[in-house]
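Visitor: Please show me the model, and let us then go through its domains and its chain contact.

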Amino acid sequence: MEPFRHLTAVAVPIDLPNVDTDRVIPARFLRKDRSVPEYASFLFHDVRFTADGAERPEFILNQAPYRGARILVAAENFGCGSSREAAVWALAANGFRLVIAPSLGDIFHQNCFKNGLLPVILPADAVAGLRRGLHERPGATLTVDLETQTVTAPDGGRHGFEVDAFGKEMLLSGRDEIGLTLGFDAKIAEFEARHARGMAWAVPPRAGT
Amino acid sequence: MSGTMFEKIWARHVVAEGPGGHVLLYVDRHLLHEGTTAAFGRLARSGRRVRRPDLSFATADHYLLTSPGSATSDAETRGMVEALERHTADQGILYFGVGDPRRGIVHVIGPEQGLTVPGITLVCGDSHTATHGAFGALAFGIGSSEVEHVLATQTLWQKKPSTMRISVDGRLGPGVDAKDLILAVIATIGAGGGVRHAIEYAGSTIRAMSMDERMTVCNMSIEAGARAGMIAPDETTFAYVEGRPLAPRGDAWRAALEEWKALPSDPGAVFDREVRLTASEIAPTVTWGTSPQDALPITARVPDPMAVADPGRRESMARALAYMGLAPGTPLGDVAVNRVFIGSCTNSRLDDLRAAARVVKGLRAVVPAWIVPGSGLVKRAAEAEGLDRIFLDAGFEWREAGCSMCVGMNGETAAAGERVASTSNRNFEGRQGKGARTHLMSPAMAAAAAVTGKLTDVRTLGP
């Protein structure tokens, strides 16, 4: 996984609350492998393109100042709904490394960490202020530093944010989480032995026995 | 010590402590479906094996067609199902595959097979995994990377969520059921109201419910933002589980029962948030917008965005109404539908089919209407009591088990602009097909819509 430390990039505001992951990537694309060249076009596909594949000019990602955006500033409960990790993959395929919102869908939030995207939760009024600033100055950049846990707005305003320590460590190091956990193998084995005694009923009888 | 049921289960499954309050949590059951096949591929490429194939179980549901005779629509989806078959065979994982009557929607067959029991942790690469919490299990949906992590380690790094108790007391009125209750809950706390919370549903209304009804309630926890929703196990739970093929037996059953009886939250248990609803105030409910929180009694009118003070909310309501093709002030009971879908992990169990059959008996569907049972065994059980005849006589399609029109990825979709009365769980834009318009409701309400061709208060159809 690509580590995340620091980023200064164009940020794009998405004002709609409760943007679900079906909207982020429609279900019919979930069968596609991430390696297909058109993967990036699946992001927000049905609100970003018309039926014949032309860009909808009213959709913000199609507007010139936001084309190189790598930071998404969203509204409440962005990424709610389906667990599809493809929502994060599609954002990553378009260069996004960061989502800032007042709240995120829980599974989407976790999926971000697993793919080198930093989820930043800030108070609703701070996020609304950021979005307003980005509308007023299309193409403005935000600076985000994970080490110091700060977002710097175009007007120089700084917002500190909380991030869970585990996710922060994984993002800073870019470590393979499964590799990390396999380092706990002895502890897992020990737990399994204890669990097998204390909750023997929790292992289903083998099928057909 | 007084603890919540959630805390009791959590504490039993902590393998190790990590940084930032994260713990390595042990997983007792891992359910898999063909949509999560990619995780097996990545696992194989990294040279890793499945740690506990005996705790992993798979089926095919998301991509299968539910029309008789053809399981997949194309080579791509056939490839996904075949890959799951291959990986599970290679790893020694029990797979309920095409042609097996036990195959069905993963959240229907887990409980049906006795895999879902109280007191365990259960995960699945699907957001509706909270369904299994109806048994007093800690069950939650995970992403594809987490699926791979569980396959390799049988654990997950988790941060403890906050707890919320939603208490519902009293009797539901005639024509009102578990679906109306959970839609009312979501409308009350909002689509993001449960974010970072594990919900426990409690109160006399919940206690009086069958397991099928409890599963409907827990299933939609994610539509309120909560990954987990759970209900304390009781005699109803034990009676459901006992004797299921993969449930504990003999001494294991007796030991389990003893532990399960101690699982419910203690009387003094403190929840981070408490919400209360009164059952008698819940009406048959339908959604009018594009979020499950956009729910109102069927007797209400389409709301007017101009009457809303908050500009953000006003704009998103206006957008939802434009997508749904609805004008403010229209009585919901006047909205004509083009199709009806009764199925999904929310509402495809025997109780659901019975409720729908009671409404349609002796009547005719006036729009295309599908019944998609949740599993091959649900289908058989329904046929054994003649429900299929009731539906077929009424002009419904009686189909094979699967996710079908809930999920928009298997080719079974509604056309752009079509309005669907649906018992599924999401009315998002495009969920049932690009441009398709979804109204969520209970099986009885969907059945009523099928026989009248419009959203209908099931209470007006008479017995």
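Guide: Domain bounds here come from an automatic or database domain assignment. This is a predicted model, in which local features need pLDDT of at least 70 and side-chain atom pairs count only at pLDDT 80 or more, while totals for chains, interfaces and linings use all residues. Residues are numbered from 1 along each chain as its sequence is written, and chains are lettered from A in the order in which they are written.

Visitor: Into which domains is chain B divided?

Guide: The assignment splits chain B into two parts, whose C-alpha centres are separated by 24 Å. These parts are domain 1 (5–273) and domain 2 (285–461).

Visitor: Which helix of chain B gives the largest share of the side of domain 1 that touches domain 2?

Guide: Counting residues as in contact if their C-beta atoms, placed from the backbone, lie within 7 Å, the contact takes 40 residues from domain 1 of chain B and 42 residues from domain 2 of chain B. Helices (H or I, at least four residues) are DSSP runs, numbered from the N terminus, and those giving two or more residues to the domain 1 side are helix 4 (106–113), helix 6 (178–189) and helix 8 (211–219) of chain B. The largest share, six residues, comes from helix 6 of chain B.

Visitor: Which helix of chain B gives the largest share of the side that touches chain A?

Guide: This contact takes 60 residues from chain B and 49 residues from chain A. Among the elements giving two or more residues to the chain B side are helix 3 (75–91), helix 5 (144–153) and helix 11 (311–324) of chain B. The largest share, seven residues, comes from helix 5 of chain B.

Methods: Two residues are in contact if their C-beta atoms, placed from the backbone, lie within 7 Å.
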